[in-house]
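Subject: A structure for you to explore

Hi there,

Here is the structure I promised to pass on. Please open it up and have a look around before reading my notes below.

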Amino acid sequence: MTKKQIFCSIGFLFATCVVLYLLCDLFELKNSTNFARRFSTYRDLHEDTVDAVLIGTSGVDRYWIGAKAYEEYGFTSYPLSTGEQPAWLYEYLIEEAYTYQDPELLILDMRPFGQDNVDEVEMDVKARRVLDVIEPLSIYRLKAGLKTMKVMHETFEDKPRFDISYLLSVVKYHEQWSDDKYSVEKNLFERQHKYLGFYVNKKKSIRKKPQEMVIYDPNYYESLDPVAEQAFYDVIDYLKENHKDKKVLFYLSPKFLTTLEMGRMNTLIDMLEKEGMDYVNFCETDENGQFAYDFGFDLSYDFYDGGHTNFYGADKFTGVFAAYLDEKYDLPDRRNDPAVKEQWDGIYDKIKAKIPELEAEAQAAAALQSQMEAEPDDQYDEGEEE
Amino acid sequence: MSFTSFNFFIFIAVVIVLYYVVPKKLQWAILLLASYGFYLSTGTDNLAYILFTTLFTYAGAMYMQKLRDDNRAKVQAQGDDITKDQKRAMKKEVEKKVKRVQIITVVVNLGILVFVKASGFFISNLNDLFGVFNWDVSVPMVNIIAPLGLSYYTFNSIGYLLDVAHAKHDAERHLGKFALFVSFFPSIVQGPLFRYKDVGTQLAGTHEFNYDNLKFGAQLILWGVFKKLVIADRVCAISNLVFSPEFLAGEYYGSQVFFGVLAYSFQIYCDFSGGTDITRGVAQMMGIDLPVNFEQPFFATSMADFWRRWHMSLGAWMREFVFFPIMLSKPVSNLSKKARNRFGAYAGKIVPSVIAPMVVFFLIGIWHGITWQYIVNGLYNAIIISSTVALTPAYAKLAEVLRINTETFSFRLFQMLRTFGLLCISRIIVKAPSLGDAFVMIKKMFTSWDPDFIFFRDGKIFTLGVDAPQMTLLFVAIMILLVVGILRENGMKIRESLAKQHFLFRWGMVLALLAFVLIFGVYGPGYDASAFIYGRF
């Protein structure tokens, strides 16, 4: 080959990679647009302005109002969460967190370790929600795709060892071009998360579903799903090898656990204690069957289903958890930091202002309200985030 | 391994890298390993067939070569001691032996093909015949799955044997290189067919890395993938629906039949030619030039012209090994003489021109499948082509009487539309669930069209398996295909022409096509991309 031909080939390959990158950016899992905004906003935050990152499931972004914690205590925190985030991808999310910021505190959701990993479609969707939103042009994205292929292949015999769609999302989602709901403008241009990661949804943020308290039994044990168990040890090894100077806190946001979930969380807690990891279990109850932590929850008002708070519950939870973090960790007060003020000031007020708007809309459609009460919990249809 | 799968592209990339990295004298070995690796990836059960064909054909050709070489050596050894007549007699004796070997080897190869593909047909028809006579006899069905590429490598092998027998070239002495000729992986699934003297020598030879070959080959592959994944695998939804027993059991219009057959025409063309483009593109990347198999068949002005543009390698094979031998055979010559004596010079001239196509197209029909539908289709094509030959003077006279200028674009357009109409009938015969269904569909197409255009109103056209956005996309893709076809029909070499353009334009066109395929191709998890139609032959 001549020099010119070599340069041409390299140039063409580069152009091809650009095209592939754009196509993967254009096509992603349908409701990943919401998650994508959360992650792209994180990447756009000013350098060194995030003190804590929360990684996990909706047990993070439905509960934690980072903007409130900033307003009341001055430290900044951001959720890198996706729906039912799989534990086996935690390492890559942690890498994403540290690629763009240098948080001194890492808060990891315990819920993924209690998941079942037996349904192929569910696992596929959970994984793709993460793969579609972490930085595509990164080594850890490649590693995340390869690990997902490995986990899927080992869990399901008929899954091929190599599946290019886990590396190039366009292979999986290209048929969305004919979907009425697909929007090029939305995918390309609406990239900012208005509430710095906190989930605001016109139905779920104001939905009130009464819950019955579950008495927590710390002595009941169930074994973890094998995939989740392996993921736990992988994460621990990764943290010890790469971030041993960082503070890590595992946490379980308050929910109404099934017996199986409770048993698994107890097993997980034992494993955490054995590894010397910090944790906080917000599902613990006292002898009267109340949450051990005084959230001030109104069980008829503060949850939209058994596993998630609405805004009201999140507001109360954040108050308690922020105080806990402020007391336990020496996090800075950034309320006078211009770089932080520029991006964080006023966000909590925006969230608080949005809620009455949503309530007014809901009241205006009273028939819709009663229909909402009858709707089954749909774990996969997040609806549109605001 | 599907030709449009990611695994296949990785496989090609690895083979090409190895091909150019190894010492040139081992390039054939890489291709042979790759070919058998590809073949084994489809299953090990049918390896015995290709191995037998390879070894048997090799041995047969080597024996014929040995007979000639030995005779040559004997003649040379005797020098001036033998006369010319004696030399001629010795050669005649050897050629008789060669002929016997030729017949045995060809019959065995053909026998395997016929047994594997036709035994089911013959047994089931025999059992039906026994049923007609109420005989309580039944031959057990033989269920044999044809090994991958059986028709292709058998025809290639038979062509090779005949070429050696007719002294077109010497037999290949190297077993490995011959095995490569039989099993060359890009072409084993669906052709094209090729002769040893054209391609076999290229496969056995050495090839320097050539940047243009790599580039042009990759572009051809991309074009083939476009045809297959964007058009063929999308439009098949229409043809599969229209030709399904469930659809045909209900009420339908002739316009729907036409729409279905139009879809099937595009499906079969894009699937087959797309696959061939991928095959030729892969070969070109390794410096191997495989014969062109399609030349804008939709621009054909007659059925004969169509078959000169469609599956050209099969046509060339039939021409060389069936058509000309029949034309020049003694029985046909004698028949031609009798016809000339009885009916005049013209009759004597057209007899071989009618008989040979009848045989060729009957064989082409059954090559596609041994069912009554393919047999009838073969005869249909044969009758049209033979009658065209016979009636050519009459058509010329008619044009003269009606003062039609046959050199105009409008006349050419008429010829193309007429040919397409005839082809539609052929497609229906083949694609319909049964011959009975085919005849009903053809009748409806001409007698129950859709007088009020109900099918074209109120979006009903989008109820034939493809919705409005997909239909729009198909239209755009077919327009792209048409534009490229027109450019090629006018003699433009697309890839060479593109190579002369500014690099931004060049890259833009290729990347636009790549993006088009990635976005609009029928592939990936959730799709059921059909296998190449011609892969089952």
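Let's begin where the two chains meet. In this predicted model, the contact is made by 20 residues of chain B and 22 residues of chain A.

How much area do chain B and chain A bury between them? The answer is about 2,000 Å², and 78% of it is on carbon and sulfur atoms. In case that unit looks odd to you, the size of an interface is often given as the accessible area lost when the parts come together.

On the chain B side that touches chain A, helix 9 (211–242), helix 19 (468–489) and helix 21 (503–520) are the elements that each give two or more residues. Helix 21 of chain B provides the largest share, with eight residues. Sorted by class, this side of chain B has 16 nonpolar residues, three polar ones and one charged one.

As for specific links across the contact, there are zero salt bridges between chain B and chain A. Three residue pairs are in polar contact between these chains, counting pairs with both residues at pLDDT 80 or more.

Next, the empty spaces. Rolling a probe the size of a water molecule over the atoms shows where empty space is left.

The second largest pocket has a volume of about 1,100 Å³. Its lining is made of 37 residues, and those nearest the centre are B:V484, B:R488, B:K493, B:I494 and B:R495. Helix 9, helix 11 (254–285), helix 19, helix 20 (494–499) and helix 21 of chain B each give two or more residues to this lining. You have already met helix 9, helix 19 and helix 21 on the side of chain B that touches chain A. The pocket's lining divides into 20 nonpolar, eight polar and nine charged residues.

How many cavities of 30 Å³ or more does a search of the whole structure find? There are four. The second largest cavity has a volume of about 80 Å³.

Which residues line the second largest cavity? They are B:K227, B:Y269, B:S273, B:T276, B:D277, B:R280, B:V292, B:N293, B:F294, B:Q296 and B:R488. Helix 11 of chain B gives the largest share of this lining, five residues. By class, the cavity's lining has three nonpolar, four polar and four charged residues.

One residue to look for is B:R488: it is listed in the lining of this cavity, and it is also among the residues nearest the centre of the second largest pocket.

Enjoy exploring!

Best wishes

Notes:
Residues are numbered from 1 along each chain as its sequence is written. Chains are lettered from A and ligands numbered from 1 in the order in which they are written. This is a predicted model: local features need pLDDT of at least 70, side-chain atom pairs count only at pLDDT 80 or more; totals for chains, interfaces and linings use all residues. Side-chain values use heavy atoms; hydrogens and water are left out. Contact means heavy atoms within 4.5 Å. Buried area is the accessible area (1.4 Å probe) that two parts lose on being put together, summed over both. A salt bridge is a side-chain nitrogen of Lys or Arg within 4 Å of a carboxyl oxygen of Asp or Glu. A polar contact is a pair of N or O atoms within 3.5 Å; within protein, one must be able to donate a hydrogen and the other to accept it, and residues adjacent in sequence count only if both atoms are side-chain atoms. Helices (H or I, at least four residues) and strands (E, at least two) are DSSP runs, numbered from the N terminus. Ala, Val, Leu, Ile, Met, Phe, Trp, Tyr, Cys and Pro count as nonpolar, Asp, Glu, Lys and Arg as charged, and the others, Gly among them, as polar. On a 1 Å grid over the protein atoms alone, a cavity is a set of points where a 1.4 Å probe fits but cannot get out, and a pocket is an open set with protein on both sides within 12 Å along at least five of seven lines; lining residues have an atom within 4 Å of a point. Grid points are joined across faces, edges and corners, and a volume is the space filled by probe spheres set on the points.
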